Amino acid sequence: MNNLHRFLRRMRALVLGLMPLLLARFVTGAEAPPALKDVFKDCFPIGTAANRSMVMGGAGFRRSADQNAADIATLKFHFNQIVAENDMKWQLIHPREGGNGYEFGPADALVDFGLGNGMQVAGHTLVWHSQTPNWVFAGTNPPPPDATNPPPALAAGTNGPATNRPGRGGFGPGFGRYTGPRASREELLQRMSNHIHTVVGRYKGRVKVWDVVNEALADGQGTNVLRTSLWSEIIGPDFIASAFRFAHAADPDAILRYNDYGLEGAAKRKRLMTLIRELQAQQVPVHAIGSQAHVNVSTTFEAMDQALTEIATLGLPIHITELDVNGAQGGQGGFGANVADNAATTQGGLVADADKRLADAYAGIFRAFVKHRDTVKLITFWGVNDAVSWRAQGRPLLFDGENQPKSAFQAVITTVGTRTAP
Ligand code: G3I
């Protein structure tokens, strides 16, 4: 009986999910859109971040069960690579201390879903200043008098310094910036090692790419290369090298990424070059650069081309890891991606002529990706459609909330042959 119910539910989801494509084909007489993964098959895999309900079924955050079924169908049809938008973050996969403190259910479901549907799976993320539970940093050492607690206020639309500020309510308790007595360097390194060995070890051979360290670079125009975080304060700047060495020991075949946002801007990119060259000089196993690419509709081919050209001189593959193109007025001032700034960067309504500007921006950006396809080895969108995007108000993706392709979709697929064009 259970099996029959499951089968009927799956059939219903399939029909609902294919509805937009069937409508496009048979009601309007138009051809169904081609799958992104097929269009770019000679260039790079096309991936997406997925949320929990997409890999576990049912209703989701801001989505009914039917809407979720349609999102899943779009995911399966267009994408051949997948990453958990949230469920492998430390606070969700390892909320409590100790061997029994892990919650693997949703992450396991994502890996099974991805592999079951012929997708490559990436892991996001092992070490990050954000979304890390307080217990990780807690110990018996009083914080030094010059510690940077509490977090400085952020100016709207800017990329601020490190915070462990929580997301909006409901994303789990205890994730404010930790201000209590701290672990020693050795204790924190031991916790990092245990976490990385357990998580990477669990998915060894199945998750082939990891964001090992996320967003460790400083923002703004100052001279610091690294942002100040509890990781850098307690362990020191070599927390980055240690994380990569632990991950490499846990799975010597995995591709290990350093992942950050804002690399389209010269100041942030300069810090990236400094950091990675230093890690390379120390023979730290960094295998790829993850460039998040949370950009906006003012982003040009030239800006992306210049960024990729410069990053390529590091001699590593580049993965575009979190692509979206913000169309909100409040988001045109930079390439930030702090979730704490999200309200500001999606405010003010959409820019004028937003659909066309989105299509033009995506065309330029993808032209640059195709031009650099010897170096750019993966493109991952940060969400399947506008409705499930963390920046839903900026309508930043190729599909609308009904999973209909927007004009940006058309603009993107026409770039595939542009590399050899004059
Ligand atoms: O799932 C709960 C839901 O049950 C609850 O009712 C609701 C109330 O607000 O919150 C939901 O959780 C939210 C979760 O996203 C799922 O949507 C959290 O509040 C929110 O903080 C969380 O934000 C995520 C953010 O990272 C912080 O971890 C975004 O989804 C995710 O897109 C974003 O992704 C980051 C990358 O990991 C790193 N690079 C930047 C990128 C954008 O900030």
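In this predicted model, T125 belongs to strand 3, which spans residues 120-128. The peptide bond that links H124 to T125 is cis, with omega at about 0°. H124 also takes us straight to the ligand, since together with E85, K89, E215 and E322 it comes nearest among the 20 residues around that molecule.

The surroundings of the ligand are mixed in character: the shell is made up of 8 polar, 7 nonpolar and 5 charged residues. Several polar side chains approach oxygen atoms of the ligand. For K89, a polar side-chain atom sits 2.7 Å from a ligand oxygen, while for N86 the distance between a side-chain N or O atom and an oxygen of the ligand is 3.1 Å. Q131 contributes a further contact, with a polar atom of its side chain 3.4 Å from a ligand oxygen. On its own the ligand has 790 Å² of accessible area, and the protein covers 81% of this.

Turning to the nonpolar interior, the largest core holds 108 residues, and W210, Y362 and F366 are the members that touch the most others. Helix 13 (residues 354-371) supplies the largest share of this core, with 10 residues. The contacts of F366 beyond four places in sequence are with F40, F44, I46, L323, I379, F381, V412 and T415. Another core lies apart from the largest one; it has 8 residues, including A49, A122, W382 and W390.

W382 reappears in the neighbourhood of T321, a residue of strand 9 (residues 318-326). Leaving aside residues up to four places away in sequence, T321 touches D211, R257, N259, G290, S291, Q292, T380 and W382. One of these neighbours, Q292, has its backbone nitrogen 3.4 Å from a polar side-chain atom of T321. T321 counts as buried because its relative accessibility is 3%, below the 20% cut-off.

Two loop residues deserve a look for their backbone angles. R62, which is not a glycine, nevertheless has a positive phi of about 65°; its place is the loop that connects helix 3 (52-56) with helix 4 (65-78). With a relative accessibility of 46%, R62 is classed as partly exposed. Q283 is likewise a residue other than glycine with a positive phi, here near 55°, and it is found in the loop between helix 10 (266-281) and strand 7 (288-291). Q283 counts as exposed because its relative accessibility is 67%, over the 50% limit.

How values were computed. Residues numbered from 1 in each chain as written. Predicted model: local features only at pLDDT ≥ 70, side-chain atom pairs only at ≥ 80, totals over all residues. Heavy atoms only, no water. Helix = DSSP H or I, 4+ residues; strand = E, 2+ residues; numbered from the N terminus. Buried < 20%, exposed > 50% of the residue type's maximum accessible area, 1.4 Å probe, protein only. Polar contact = N/O pair within 3.5 Å; in protein donor to acceptor, adjacent residues only side chain to side chain. Contact = heavy atoms within 4.5 Å. Core = buried A, V, L, I, M, F, W, Y, C linked by side-chain atoms within 4.5 Å. Near = heavy atom within 4 Å. Areas by Shrake-Rupley, 256 points an atom, 1.4 Å probe, with all protein chains shown as cover. Nonpolar A, V, L, I, M, F, W, Y, C, P; charged D, E, K, R; others polar.
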